Amino acid sequence: MSGSPTTERGPVVGSPARRVAANSVWQMASFAARAIAGLGVVVLVARTGGPRSLGVFQFALMLTAMLPFYYGVPPLLAREVARRPDEGRKWIEAGTLIALLAGGLFAALLVGGSVVVSAQPETVVAVQIAAVGMAMDGVARVQFAAFWAWERMHLEALVTGLQEAVFLVATAAALNAGGGAREALIAFTASRAVGAGVGWAYVGRRLGAPVVPRSDLTFLRSTLRRCTPFAVNDTLTLTYMRADTVLLGMFKGPVAVGLYQAGTNLVLYFNVIARSINHALYPRMSKAWPGRPRDFRRLRDASLRAIALIAVPITVASLLLAPRTFDLLYGPKFDKAVLTYQLLVLVIPVRMIGHTFSLALAAADRQARRTIAVTVVALLNVGLNLYAIPRWSYLGAAVTTLACESLLLVLYGLILRQAVGESRLPHALGVPAAAALPMAAVILATGDQHLVVSLFAGCATYCLAVLALAVLRGPRQRPMAAVAGLVKDAA
């Protein structure tokens, strides 16, 4: 039985560009749902329980997220099913089996060893609950990888929207009833169980029969071997992204974690934009390599141009609006973390561009070299945090994060350039950087206005500046066609 909806339900309708654009929008919807729910829960927990309660909540999530609950299955499954859709069922069933085994194993290890994480009982219980939730999340993400390969990302958006609605509503209800960080984590675990169950049912429906977690031993061994570089990469990526929070909790306690995570959460959620673009392009990049390297480079550079148009204004606006943003979202208790947040804002474009390079390396079968780069940065990150956090607390963690993210971007860029050729990243940054200048001036000029007024005025100014620059570059084109030309390959 085929695992591809193109063979079971007819060919994909619409041009490739429209399909990619539609999938990007659906991916944006998926990640927006995660961001809205995640940020909403963070704000609710922070306002209800203060920095300490938020610290317990975030420490549990950050610690449990460092383990490879889905063992590198999603990117490998998406790539292989996109290339060979007739083998979809075999890959999905084996991937689900691996996710269940890995999730159960790592959750058991965390539950059994959580006593040594902290002497405080509330943190131990929080870690145990979060471990089960992360295991469920791993199973769900394997199902979502099938949707990526089929280029049916609206299905992921529907399941994710339901999952995140459950998370946000259940948390609000629990906190309103007098609960705290523990009850918020129970809501998280319940929502991930909903996502895994509904996603599993959707995949089975498209395949024509339920997905059974199974595999013959030979294929399972081969899949585990091929998953390992992805799993190591995922784990180390999460390690250097989360190690600062875990070490902060160990050295400085939950209050420092809460203050640091108040800024980190705002920065991390912006990466959903890069993921929404790159996950839509990933199946096509996988198909283009190695037979059509020119198409591969075109897709990579289109991603860089699109991300630059979005990342640059977000970075500038976030940096200038930081004090007012913190006051609006968290209140005066978090004012001391504004400078830390402003440092972390500089990570936004670095991380978004790095995501393009990372998925391009995976699509080009360079996951082993990518893993080596992440290993180097992860070890450096832990070492720098061990030095910086005891001395400068969450501010030292922010400086370390910026340094390590920048280094990883450089390493990814060098590996990708060697494999497929030079990118056009500097060219991609030109128009957004120029358009961001008048936007910054407008935001500063409206500093005595409400945050929303400054934000909308700045956004409108940036959009007009981009439109003007696009028309100047292509004076014979219609305005919208000229803007689209900023993303399309001009070479």
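Let me begin with a lining: in the second largest cavity of this structure, the residues around the space divide by class into 6 nonpolar, 2 polar and 2 charged. I should say at once that what we are looking at is a predicted model, and everything that follows is to be heard with that in mind.

To stay with that cavity for a moment, its volume is about 70 Å³, and it is one of 2 cavities of 30 Å³ or more that the structure holds. Its lining is made up of 10 residues, and those that lie nearest the centre are Y260, T264, L268, R351 and T401. Helices α8 (217-251), α9 and α13 are the elements that each give two or more residues to this lining, with the largest share, 4 residues, coming from α9.

Now to the second largest pocket, where the space comes to about 740 Å³. There are 27 lining residues here, and the ones closest to the centre of the pocket are L266, F270, I314, S318 and L455. Two or more residues come from each of α2 (16-64), α9 (254-269), α10 (271-288), α11 (293-329) and α16 (451-473), and α11 gives the most, with 9 residues. What is the make-up of this lining in terms of nonpolar, polar and charged residues? The division is 25 nonpolar and 2 polar, with no charged residues, whereas the lining of the second largest cavity, as I said at the start, includes 2 charged residues.

Let me step back to the chain as a whole. It has 17 helices and 0 strands, and along the principal axes its C-alpha trace spans about 60 × 55 × 40 Å. For 491 residues a compact globule would be expected to have a radius of gyration near 23 Å, and the chain, at 22 Å, agrees with that. Of those 491 residues, 56% are buried, and if we take the contacts with a separation of 6 or more, 84% of them are between residues 24 or more positions apart.

Helix α12, residues 338-345, shows how burial can be arranged on a single helix: its buried residues are V338, T340, Y341, L344 and V345. Seen down the axis of α12, these residues fall within an arc of 155°, and so they line one face of the helix. As for what they pack against, the partners of the buried residues of α12 are α9, α11, α13 (347-363) and α14 (367-420).

I will finish with two individual positions. A78 sits in helix α3, which covers residues 73-83. Is A78 buried or exposed? With a relative accessible area of 0%, A78 counts as buried because the cut-off for that class is under 20%. Once its neighbours within four places in sequence are set aside, A78 is in contact with A145, W148, A149 and Y282. For a sense of distance, A78 and S215 are separated by 137 residues in sequence and, C-alpha to C-alpha, by 18 Å in space.

The other position is T96, which belongs to helix α4, residues 88-113. T96 is likewise buried, its relative accessible area being 0%, and, not counting residues up to four places away in sequence, T96 touches V142, Q143, W200, V211 and P213.

Conventions:
Residues are numbered from 1 along each chain as its sequence is written. This is a predicted model: local features need pLDDT of at least 70, side-chain atom pairs count only at pLDDT 80 or more; totals for chains, interfaces and linings use all residues. Side-chain values use heavy atoms; hydrogens and water are left out. On a 1 Å grid over the protein atoms alone, a cavity is a set of points where a 1.4 Å probe fits but cannot get out, and a pocket is an open set with protein on both sides within 12 Å along at least five of seven lines; lining residues have an atom within 4 Å of a point. Grid points are joined across faces, edges and corners, and a volume is the space filled by probe spheres set on the points. Ala, Val, Leu, Ile, Met, Phe, Trp, Tyr, Cys and Pro count as nonpolar, Asp, Glu, Lys and Arg as charged, and the others, Gly among them, as polar. Buried means under 20% relative accessible area, exposed over 50%, partly exposed in between (1.4 Å probe, protein chains only). The arc is that of the directions from the helix axis to the C-beta atoms. Contact means heavy atoms within 4.5 Å. The radius of gyration is taken over C-alpha atoms; the globule rule is 2.2 Å times the number of residues to the power 0.38.
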